[in-house]
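Biologist: Could you walk me through this model and tell me what stands behind each term you use?

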Amino acid sequence: MGARNREAQRVLIRRSAIEKRVKAVARKITRDYKGQRVHLIGVLKGACFFLADLAREIDLETSIDFISVASYGKGRDSSGQVRLLKDLDTSIAGLNVILVEDILDTGRTLLYLLRILRQRKPKSLRVAALLDKPSRRVVPVKGDYVGFTIPNEFVVGYGLDFAERYRNLKDVCVFAPSSDQPQ
Ligand code: PRP
């Protein structure tokens, strides 16, 4: 890890393990949807790295789109209200949609997205998440394709940020802030 990433101390999941697992998830998707097209929807911004790697490993006709949401407060006790910032570019009616997330935390974002996407009548709707923190869940949602189940630690890298930084780390790291670093 270089100087630019001094705060992010401990590697939790190495890039090689991520690569291997992304390939395995893509193989499973390829088997599950054999002979069909899939439409991947990435949830900005965190999921863009996972989506880019996953899409290239799926051996099916594949299209992609992105959606962006924001939540008011991220804590377990916050309202967790979610609002739409950027909608999809195209209709998903009749498509095999796979919603692609970097992480499932409280589950509120996913619950909101599943609700609005179901209304648009996709042929099928599943969820792929690189990381899952089930211990944080406050609403009953789960991923259909999960890369790694992780403990309740603050993680950055491979799309995940702290104040918009560290998304470009190749490993998933446990974030350890140091007080003498400029933010
Ligand atoms: C993160 C993540 C999920 C959501 C999960 O996004 O990408 O979308 O939080 O949290 P939840 O399960 O508690 O709803 P974030 O709002 O941090 O935006 P980002 O992807 O742009 O970093």
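**Ligand, sheet and pocket**

Modeller: Gladly! Of the 14 residues around the ligand, those that come nearest are E101, D102, T106, G107 and T109; a residue is near if one of its heavy atoms lies within 4 Å of the molecule. This is a predicted model, where local features need pLDDT of at least 70, side-chain atom pairs count only at pLDDT 80 or more, and totals for chains, interfaces and linings use all residues. Residues are numbered from 1 along each chain as its sequence is written, and side-chain values use heavy atoms, with hydrogens and water left out.

Biologist: What makes the pair between the side chain of T106 and the ligand a polar contact?

Modeller: A polar contact is a pair of N or O atoms within 3.5 Å. An N or O atom in the T106 side chain is 2.5 Å from an oxygen atom of the ligand, so the pair qualifies. A polar side-chain atom of D161 lies 3.1 Å from a ligand oxygen atom, and a backbone N or O atom of D105 lies 2.9 Å from one.

Biologist: How do you know that strand 2 and strand 3 pair?

Modeller: Pairing needs at least two bridges found by DSSP. Strand 2 (residues 37–44) and strand 3 (residues 61–71) have eight, in the parallel sense, so they pair. Across them, V38 stands opposite T62.

Biologist: Why are strand 4 and strand 7 at the edges of the sheet?

Modeller: The six strands run 4-3-2-5-6-7 in an open, mixed sheet. Strand 4 (82–86) and strand 7 (145–149) each have a single partner strand, so one side of each is left without a neighbour in the sheet.

Key. Helix = DSSP H or I, 4+ residues; strand = E, 2+ residues; numbered from the N terminus. Polar contact = N/O pair within 3.5 Å; in protein donor to acceptor, adjacent residues only side chain to side chain.
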